[in-house]
Structure formats: structure tokens, C-alpha cells
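Student: Please take a close look at the core of this protein with me. I would also like to follow the parts that lead on from there.

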Amino acid sequence: VLIMLGADHHGYVGRMMAMCAAFGDEPWKNLEIFIGQLVNLVKDGEPVRMSKRAGTLVTMDDLVDAVGVDAARYALARSSADQQIDLDLDLLVSRTNDNPVFYVQYAHARTANVARNAAELGVRREDGFDPSVLDHPSESALLGKLAEYPRVVAQAAELREPHRVARYLEELAGTYHKWYDQQRRVIPYGDEPVTDVNRTRLWLNDATRTVLANGLGLLGVSAPERM
């Protein structure tokens with residue numbers, strides 16, 4: 001699937017389809033092209049003026065240089081192809097929860113940190129699992145959100161709408177952060193022994209980590225272990 005941004009696209013589409021046919025494939029079946037809408041850039045609260053005539057056109061390389069590969073890919077992927085995209089360059093490099101790519105990547109890094117701490121204190125998934133101990137509303141919410149992932153990916157693929165994956169990851173990150181903030185501890189307090197409560201919560205933590213990493217991978221975005 002090739003996604004092209006901008007209005008000057010008709011000639012490119014024709015050439016790509018001709019190339020597809022030349023290789024023995026069927027245009028619009030073996031090759032699908034989706035035309036994205038215009039992308040507006042904002043810097044310091046003001047629109048970045050672009051003009052081919054004035055030589056101020058911003059290329060994809062320029063965007064990557066400004067915000068990095070992960071932020072550029074994620075910001076474009078999380079918007080529907082049939083909607084105009086507004087990219088706030090300052091937001092995309094910020095380390096705040098208002099930055100969607102940071103928000104999701106930080107959730108993954110947090111799950112990795114929890115797993116590291118659990119390993120240091122001897123909490124091991126293979127030593128026990130008891131789903132009945134996951135009785136807090138935040139745990140039910142997180143389990144429910146994780147269960148949605150296969151359906152979301154299938155719909156995104158069928159409808160050619162990768163933004164569904166990105167928006168889901170943001171919802172999952174938010175649900176995980178709420179679970180974490182409810183003090184659903186994976187590691188025991190002080191000298192408390194490790195129990196199935198700790199082990200089962202580690203299963204839930206690591207399941208979230210797996211889904212976040214998988215979803216980010218589908219979008220071509222890294223899943224950092226530390227931030």
C-alpha cells in the first residue's frame with residue numbers, strides 16, 4: 001500500500017499503475033494507492049508557510065529532521081487519510097502526555113521497567129497464575145482493552161486505516177497508566193512474600209507490553225525499553 005500526500009498526484013498514480021502492469025500484476029488489486037490530504041505544519045503556534053514557487057517546500061526528510069523518525073511516522077499514521085492533518089512540531093518533540101507518540105512509548109517503557117523490577121525481586125510468571133485475583137475495576141478494564149486488539153488490527157487491515165491501530169494504542173496506554181496509578185503492584189511491599197497476586201499482575205503487565213510493542217511495530221515505530 002502506497003500512501004501519497006499532496007495534491008499533485010495524478011501523474012504519479014498513473015506511472016505506478018503502469019509499472020505494476022508491466023511486472024505482470026493487476027493494477028488496483030496487487031497495488032493500491034491511497035491519496036492523503038494536505039499536511040499543515042505548526043511551529044511556535046504559527047502555521048509553517050510552504051510554497052513551491054518560493055522554495056519553502058517542506059519535505060519528508062525535513063519533517064524527520066525536525067521531530068525524528070518515530071514521531072513523524074506515528075503522527076502521520078494516527079490520522080485518517082481522508083482528513084487534513086495538522087502537525088504541531090513543538091508537541092511532537094515534547095516529553096509530555098499531550099504528545100501521543102511519547103504517551104504510547106512511555107507506557108511501553110513503564111511495562112518494561114515493571115518487568116525488570118519484578119525480575120530483581122524474584123517475581124516470575126512461570127511460578128503461578130490465578131486470574132481470580134484480578135478483581136479490581138482497573139484490571140477488568142485493562143483485560144477488556146487487551147481483548148480488543150485482534151479486532152482492531154483486522155479492521156485496520158480490511159479498511160486500509162492504520163490510524164485505528166494508533167488510536168487503539170493510545171487508549172491502551174491510558175488504560176494501563178490508570179491501572180498502574182491504582183497501585184496494582186506487581187512487586188511485593190518490603191519483606192512481603194511473593195504471591196500469585198504479584199505473579200498474575202506481572203502476566204497482565206507483560207501482556208500489555210506485548211500488545212504495545214506489536215502495535216507500534218505495525219506502524220514502524222520503536223518500542224523503547226527505557227525513557
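Tutor: We start with the whole chain, go to the core, and then follow some helices and charged pairs.

This is a predicted model. The mean pLDDT of the protein is 86. Of its residues, 88% reach 70 or more. Be careful with residues 1–7, where pLDDT stays under 50. The model has 25 contacts beyond four places in sequence for that stretch.

Now the layout. The protein has nine helices and five strands. Read from the N terminus, the elements run β-α-β-β-β-α-α-β-α-α-α-α-α-α. There are 227 residues in the protein, and buried ones make up 37% of them. The protein exposes about 13000 Å², with 52% of that supplied by carbon and sulfur atoms. Next, take the contacts with a separation of 6 or more. Residues 24 or more positions apart account for 74% of these.

On to the core. The largest nonpolar core has 43 residues. Which of them touch the most other members? They are Leu63, Tyr74, Leu87, Leu169 and Leu219. Helix α8, residues 163–181, gives the most to this core: eight residues. A second, separate core has five residues, including Val13, Cys20, Leu31 and Ile33.

Zoom in on leucine 169. Set aside its neighbours within four places in sequence. What is left in contact with leucine 169 is Tyr74, Val104, Val211, Leu212, Gly215, Leu216 and Leu219. Two of these, Tyr74 and Leu219, are also on the list of members that touch the most others.

Check the length of α8. It has 19 residues, so at 1.5 Å a residue it should span 27 Å. The end C-alpha atoms of α8 are 27 Å apart, which agrees. After α8 comes glutamine 183, with a positive phi near 60°.

Next, helix α9, residues 196–218. Look at two of its residues. Threonine 200 lies in α9. Is threonine 200 buried or exposed? Its relative accessibility is 0%, so threonine 200 counts as buried. Beyond four places in sequence, threonine 200 touches Phe129, Asp130, Pro131, Val133 and Leu134.

Leucine 218 is the other residue in α9. Its contacts beyond four places in sequence are Tyr149 and Val153. Compare leucine 218 with valine 165. They are 53 residues apart in sequence, yet their C-alpha atoms are 8.3 Å apart in space.

Then comes helix α5, residues 100–120. Its 21 residues should span 30 Å at 1.5 Å a residue. The end C-alpha atoms of α5 are 31 Å apart, which agrees. Of those 21 residues, 15 are buried, so α5 is largely enclosed by the rest of the structure. Glycine 122 follows α5, and its phi is positive, near 80°.

Now the charged pairs. Side chains of opposite charge can pair when their charged atoms come close. This protein has 13 salt bridges. We will take three.

One joins the side chains of arginine 110 and aspartate 181, at 3.7 Å from N to O. Arginine 110 is in α5 and aspartate 181 is in α8, so this pair ties together parts 71 residues apart in sequence. Arginine 110 has a relative accessible area of 16%, so it is buried.

Another joins arginine 125 and aspartate 206, at 2.5 Å from N to O. Arginine 125 lies in the loop between α5 and α6, while aspartate 206 lies in α9, so the pair ties together parts 81 residues apart in sequence. Cover differs by partner. Arginine 125 counts as partly exposed, at 31% relative accessibility. Aspartate 206 is buried, with a relative accessible area of 12%.

The third joins glutamate 148 and arginine 151, at 3.7 Å from N to O. Glutamate 148 counts as partly exposed at 26% relative accessibility. Arginine 151 also counts as partly exposed, at 43%. This pair does not stand alone. Lys145, Glu148, Arg151 and Glu171 are joined into one network by salt bridges that share partners.

To recap, trace α8 once more. α8 gives the most residues to the largest core. Aspartate 181 of α8 is paired with arginine 110 of α5.

Key:
Residues are numbered from 1 along each chain as its sequence is written. Side-chain values use heavy atoms; hydrogens and water are left out. A nonpolar core is a set of buried Ala, Val, Leu, Ile, Met, Phe, Trp, Tyr and Cys residues joined through side-chain atoms within 4.5 Å. Buried means under 20% relative accessible area, exposed over 50%, partly exposed in between (1.4 Å probe, protein chains only). Helices (H or I, at least four residues) and strands (E, at least two) are DSSP runs, numbered from the N terminus. Contact means heavy atoms within 4.5 Å. pLDDT is the predictor's confidence in each residue, from 0 to 100. The expected span of a helix is 1.5 Å times one less than its number of residues. A salt bridge is a side-chain nitrogen of Lys or Arg within 4 Å of a carboxyl oxygen of Asp or Glu. Accessible areas come from the Shrake-Rupley method with a 1.4 Å probe; for residues, only the protein chains shown count as cover.
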